[in-house]
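Here is a short report on one protein chain. Keep the sequence and the 3D view open as you read.

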Amino acid sequence: MGKILMLAGGLIVLAGIIIYLFETKDVKGLSWFGNLPGDIKIEKENFKFYFPFTSMIIVSILLTLLIRLVSFIFNHFSNR
């Protein structure tokens with residue numbers, strides 16, 4: 001359990017560093033994320049609709065790769 005908590009803490013720190021490095025005065029954090037080509041945004045007089053299709057695909061791919069990496073690491077070291 002301790003190893004899992006250390007890994008989760010390390011991932012949170014890594015995510016914080018990445019967000020900090022991309023932060024500038026003009027663009028706060030990752031504000032470009034969610035405004036990618038393919039994200040659906042409809043704004044009318046009394047109606048707003050936003051569906052971040054491309055952003056969700058990118059998040060899904062990154063989470064899948066992360067889960068596979070963590071699974072590989074745990075399976076590799078548990079067999080020793």
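## Pockets first

The second largest pocket has a volume of about 180 Å³. This figure, like the others here, comes from a predicted model. Seven names make up the lining: Lys3, Met6, Leu7, Ile73, Phe74, Phe77 and Ser78. H1 and H2 are the elements that give two or more residues to this lining. H2 gives the most, with 4 residues. By class, the lining of this pocket has 5 nonpolar, 1 polar and 1 charged residues. Serine falls in the polar class and lysine in the charged class. Ser78 and Lys3 are both on the list of lining residues, so they are the polar and the charged member.

Now turn to the largest pocket. Its volume is about 420 Å³. The lining is made by 13 residues. Nearest the centre of this pocket lie Ala15, Ile18, Leu62, Leu63 and Leu66. Helix H1, residues 2-22, supplies at least two residues of the lining, and so does helix H2, residues 53-78. What classes of residue line the largest pocket? The lining has 13 nonpolar residues, with no polar and no charged ones.

The table sets out the two pockets.

| Pocket | Volume | Lining by class |
|---|---|---|
| Largest pocket | about 420 Å³ | 13 nonpolar, no polar, no charged residues |
| Second largest pocket | about 180 Å³ | 5 nonpolar, 1 polar, 1 charged residues |

## The chain as a whole

Step back to the full chain. Its secondary structure comes to 2 helices and 2 strands. Starting at the N terminus, the elements run α-β-β-α. The chain has 80 residues, and 6% of them count as buried. About 7,200 Å² of the chain is exposed. Carbon and sulfur atoms supply 71% of that area. Contacts can also be sorted by separation along the sequence. Take the contacts in the chain with a separation of 6 or more: residues 24 or more positions apart account for 18% of them.

## The hairpin

Next come the two strands. Strand S1 covers residues 40-44, and strand S2 covers residues 47-51. In which sense do S1 and S2 pair, parallel or antiparallel? They pair in the antiparallel sense, over 5 bridges. S1 and S2 form a hairpin, with 2 residues between them. Follow the partners across the pair. Lys44 stands opposite Phe47 in S2. Glu43 stands opposite Lys48 in S2.

Phe51 is also found in strand S2. Along the chain, Phe51 and Ile40 are 11 residues apart, and their C-alpha atoms are separated by 5.0 Å. Leaving aside neighbours within four places in sequence, Phe51 is in contact with Asp39, Ile40 and Met56. Is Phe51 buried, partly exposed or exposed? Phe51 counts as partly exposed because its relative accessibility is 33%, and that class lies between 20% and 50%.

## Ser55 and Phe33

Ser55 lies in helix H2. Why does Ser55 count as buried? Its relative accessibility is 3%, and buried means under 20%. Look at what surrounds this serine. Not counting neighbours within four places in sequence, Ser55 is in contact with Phe33, Gly34, Leu36 and Asp39. Asp39 is also among the contacts of Phe51.

Where is Phe33 found? Phe33 is in the loop between H1 and S1. Phe33 has a relative accessible area of 30%, so this residue is partly exposed. Residues up to four places away in sequence aside, Phe33 touches Ser55, Ile58 and Val59. Consider Ile58 in particular. Phe33 and Ile58 are 25 residues apart in sequence. In space, the distance from C-alpha to C-alpha is 9.7 Å.

To trace these links in the 3D view, start at Ser55 in helix H2. Then move to Phe33, one of the residues that Ser55 contacts. From Phe33, go on to Val59, which Phe33 also touches.

Terms used. Residues are numbered from 1 along each chain as its sequence is written. This is a predicted model: local features need pLDDT of at least 70, side-chain atom pairs count only at pLDDT 80 or more; totals for chains, interfaces and linings use all residues. Side-chain values use heavy atoms; hydrogens and water are left out. On a 1 Å grid over the protein atoms alone, a cavity is a set of points where a 1.4 Å probe fits but cannot get out, and a pocket is an open set with protein on both sides within 12 Å along at least five of seven lines; lining residues have an atom within 4 Å of a point. Grid points are joined across faces, edges and corners, and a volume is the space filled by probe spheres set on the points. Two strands pair if DSSP finds at least two bridges between them. Buried means under 20% relative accessible area, exposed over 50%, partly exposed in between (1.4 Å probe, protein chains only). Contact means heavy atoms within 4.5 Å. Accessible areas come from the Shrake-Rupley method with a 1.4 Å probe; for residues, only the protein chains shown count as cover.
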